[in-house]
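Visitor: I have a model open in my viewer and would enjoy a guided tour. Could you take my questions one at a time?

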Amino acid sequence: MLTKRIIPCLDVNAGRVVKGVRYVDHVDAGDPVEVAQHYDAQEADEIIFLDITASSDERRILLDVVTRTAETVFMPLTVGGGVRSLDDVRDLLNAGADKVSIMTAAVENPDLVAEAAIRIGSANLVVAIDARRVDGDAAEPRFEVYTHGGRRPTGIDAVEWAGKMAEAGAGEILLTSMDRDGTKSGYDLELLRATAARVSIPVIASGGGGSAADLAAALSEGPEGGHAQAALAASIFHFGEVSVGEVKRDLLSRGIAVRPPSPEAAGALIS
Amino acid sequence: MATPPTIAIVDYGAGNLRSVARALERSQLRPQVTSTPREVVAADGVVLPGVGAFRDAILRLEKAGLDDALREVLGRGRPYLGLCLGLQVLFDESDEHGQTAGLGVLAGRVERFPDTDSAGARLRVPQIGWNEVHFEGDHPMLAGLPERDHFYFVHSYRAVPSDPSCVVGTANHGGDFTAAVATEGLFAVQFHPEKSQAAGRRLLDAFRDWVEARR
């Protein structure tokens with residue numbers, strides 16, 4: 001059966017990893033290619049580069065990073081951040097990305113996703129959603145879509161938006177809880193569950209993962225679980241607190257079906 | 001040491017082929033990305049990669065005269081490895097974006113995954129991620145492979161062969177589906193060995209051994 005994925009995410013600015021990544025040995029913690037190789041050796045199921053570069057000059061640097069990564073690691077690579085047009089999607093796929101993630105541009109131009117799905121195919125197309133809880137007295141929690149790196153509210157209901165994007169041809173939803181992002185207090189399971197119920201495509205959980213128990217909760221299909229097909233995590237791996245293999249062994253012991261780490265998988269990376 | 005075998009990677013505009021080329025090099029093969037039918041026919045082995053839409057792929061292959069080159073390669077029993085869409089195009093017909101005829105090398109159809117699994121629960125499509133493939137059969141490539149291994153899949157459609165005797169690998173997504181097919185001179189997989197880390201390398205090493213043996 002299809003296993004659940006564990007996906008380390010790297011924030012990349014002008015071709016360098018920006019959030020602190022602390023490793024031993026020969027890893028250049030600022031070089032996305034080296035960090036990707038490191039996660040490849042740990043048998044991460046996929047890796048995501050999130051480009052936070054603003055200027056178009058620096059886009060070329062990103063494309064070069066994607067090319068070099070695709071030539072050295074033999075694992076799936078998803079790239080997102082600043083993807084504005086069909087040409088941007090094509091450029092990234094041609095550079096070697098396996099999937100491309102669209103966020104703000106999808107909100108500003110809802111036809112982009114439908115067009116990209118026809119031209120490129122749904123399976124390689126991820127729609128990223130940054131969602132924030134809306135204060136209110138309603139029994140059911142509500143969530144709003146934010147764009148521009150979580151700064152700009154849109155008034156759009158996040159769960160409905162996920163449904164709309166799935167119908168337009170998105171192959172996957174990358175769903176980040178802005179409330180939980182960076183807190184390491186666990187994923188927003190209500191947000192995940194509501195979205196997973198609304199769409200028939202895979203959902204990647206993001207925002208708040210601080211431990212193997214958090215990942216297990218997001219991936220669980222139980223009534224209290226997040227029902228997500230994949231979990232994105234940054235800080236728990238980057239700071240060498242734990243390796244992907246260790247998290248997977250923990251998840252397996254909790255009954256979450258992940259791809260078991262092989263005996264060859266690089267184990268520790270402690271700083 | 002003998003020169004490594006040349007492998008023609010058929011380039012018909014279906015995306016980035018560098019990861020496939022690099023993965024073949026890692027398995028001591030000499031990849032040659034080409035869209036020239038003559039070079040495809042002359043190589044020691046052929047890899048047909050592919051992401052994207054079925055109809056597009058067929059149209060591009062036909063336009064470049066590569067469909068006939070592939071039939072010739074298959075007719076001569078020169079080792080052929082199909083990846084993802086490179087498996088699907090071998091069949092008679094696909095449902096993707098309306099009916100489209102394939103190369104018709106294998107009998108059967110390419111159909112979308114159903115909306116629900118065998119128990120009636122919702123099935124998430126596309127299938128994206130790592131699934132365990134169970135290999136079974138007597139194709140020479142299988143001699144070098146474990147009986148079960150996890151590979152990376154990303155697809156909404158899968159082949160439904162009319163003659164199950166060509167199926168050498170199955171996996172489960174809402175029910176068993178065809179993950180690998182083979183005949184004497186052909187091996188094709190629905191997954192991406194070039195993205196499947198150590199398991200992918202094992203598969204491409206087995207391809208190299210097969211090509212060497214038939215050279």
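Visitor: Among contacts in chain A between residues at least 6 apart in sequence, what share joins residues at least 24 apart?
Guide: Good place to begin, and please keep in mind that this is a predicted model. The pairs to look at in chain A are contacts between residues at least 6 apart in sequence. Of these, the share that joins residues at least 24 apart is 67%.

Visitor: How many helices and strands does chain A have, and what is its radius of gyration?
Guide: The secondary structure of chain A comprises ten helices and eleven strands. For 271 residues the globule rule gives 18 Å, and the value for chain A is close to that, so chain A is as compact as a globular protein of that length. Its C-alpha atoms fill a box of roughly 50 × 45 × 35 Å along the principal axes. The radius of gyration itself is 17 Å.

Visitor: What percentage of the residues in chain A is buried?
Guide: A residue counts as buried when its relative accessible area is under 20%. Chain A has 271 residues, and the buried ones make up 59%.

Visitor: Which residue forms a salt bridge with A:E46, and is that partner buried or exposed?
Guide: A:E46 sits in the loop between helix 1 (32-41) and strand 3 (47-51) of chain A, while its partner is 53 residues away, in strand 5 (residues 99-102). The closest N and O atoms of the pair are 2.9 Å apart. A:E46 has a relative accessible area of 0%, so A:E46 is buried. The partner has 1% relative accessibility and therefore counts as buried too: this is A:K99.

Visitor: How many salt bridges are there between chain A and chain B, and which residue of chain A meets B:R18 in one?
Guide: The count between chain A and chain B is two salt bridges. In one of them, the N to O distance to the side chain of B:R18 is 3.2 Å. B:R18 lies in helix 1 (residues 18-26) of chain B and its partner in helix 2 of chain A, so the pair joins two chains. B:R18 is partly exposed at 36% relative accessibility, and so is the partner at 26%, which is A:E71.

Visitor: What is the area buried between chain A and chain B?
Guide: At this interface 37 residues of chain A are in contact with 31 residues of chain B. On the side of chain A, A:L2, A:F74 and A:R259 supply 26% of the area that chain A buries against chain B, more than any other three residues. Carbon and sulfur atoms give 52% of the area buried between the two chains, and that area is about 2,800 Å².

Visitor: How many residue pairs are in polar contact across the interface, and how many residues on the side of chain A are charged?
Guide: Across the interface of chain A and chain B there are 19 residue pairs in polar contact, both residues being at pLDDT 80 or more. Helix 2 (57-72), helix 3 (86-95) and helix 7 (189-198) of chain A each supply at least two residues to the side that touches chain B. The residues on that side divide into 17 nonpolar and eight polar, with the charged ones numbering twelve.

Visitor: Which residue forms a salt bridge with B:R76?
Guide: Look along helix 4 of chain B, where the two partners are four residues apart and so separated by about one helical turn. Their closest N and O atoms are 2.7 Å apart. The partner of B:R76 has 35% relative accessibility and so counts as partly exposed: it is B:E72.

Visitor: Which residues of chain B does one network of salt bridges join?
Guide: Over all chains the count comes to 35 salt bridges. Some of them share partners, and the network they make joins B:E93, B:D95, B:R109, B:E111 and B:R158.

Visitor: Is B:D67 buried or exposed, and which residues is it in contact with beyond its neighbours within four places in sequence?
Guide: B:D67 is found in helix 4 (residues 66-76) of chain B. Its relative accessibility is 10%, and the cut-off for buried is under 20%, so B:D67 counts as buried. Leaving aside neighbours within four places in sequence, B:D67 is in contact with B:L61, B:E62 and B:L103.

How values were computed
Residues are numbered from 1 along each chain as its sequence is written. Chains are lettered from A and ligands numbered from 1 in the order in which they are written. This is a predicted model: local features need pLDDT of at least 70, side-chain atom pairs count only at pLDDT 80 or more; totals for chains, interfaces and linings use all residues. Side-chain values use heavy atoms; hydrogens and water are left out. Buried means under 20% relative accessible area, exposed over 50%, partly exposed in between (1.4 Å probe, protein chains only). Contact means heavy atoms within 4.5 Å. Buried area is the accessible area (1.4 Å probe) that two parts lose on being put together, summed over both. A salt bridge is a side-chain nitrogen of Lys or Arg within 4 Å of a carboxyl oxygen of Asp or Glu. A polar contact is a pair of N or O atoms within 3.5 Å; within protein, one must be able to donate a hydrogen and the other to accept it, and residues adjacent in sequence count only if both atoms are side-chain atoms. Ala, Val, Leu, Ile, Met, Phe, Trp, Tyr, Cys and Pro count as nonpolar, Asp, Glu, Lys and Arg as charged, and the others, Gly among them, as polar. The radius of gyration is taken over C-alpha atoms; the globule rule is 2.2 Å times the number of residues to the power 0.38.
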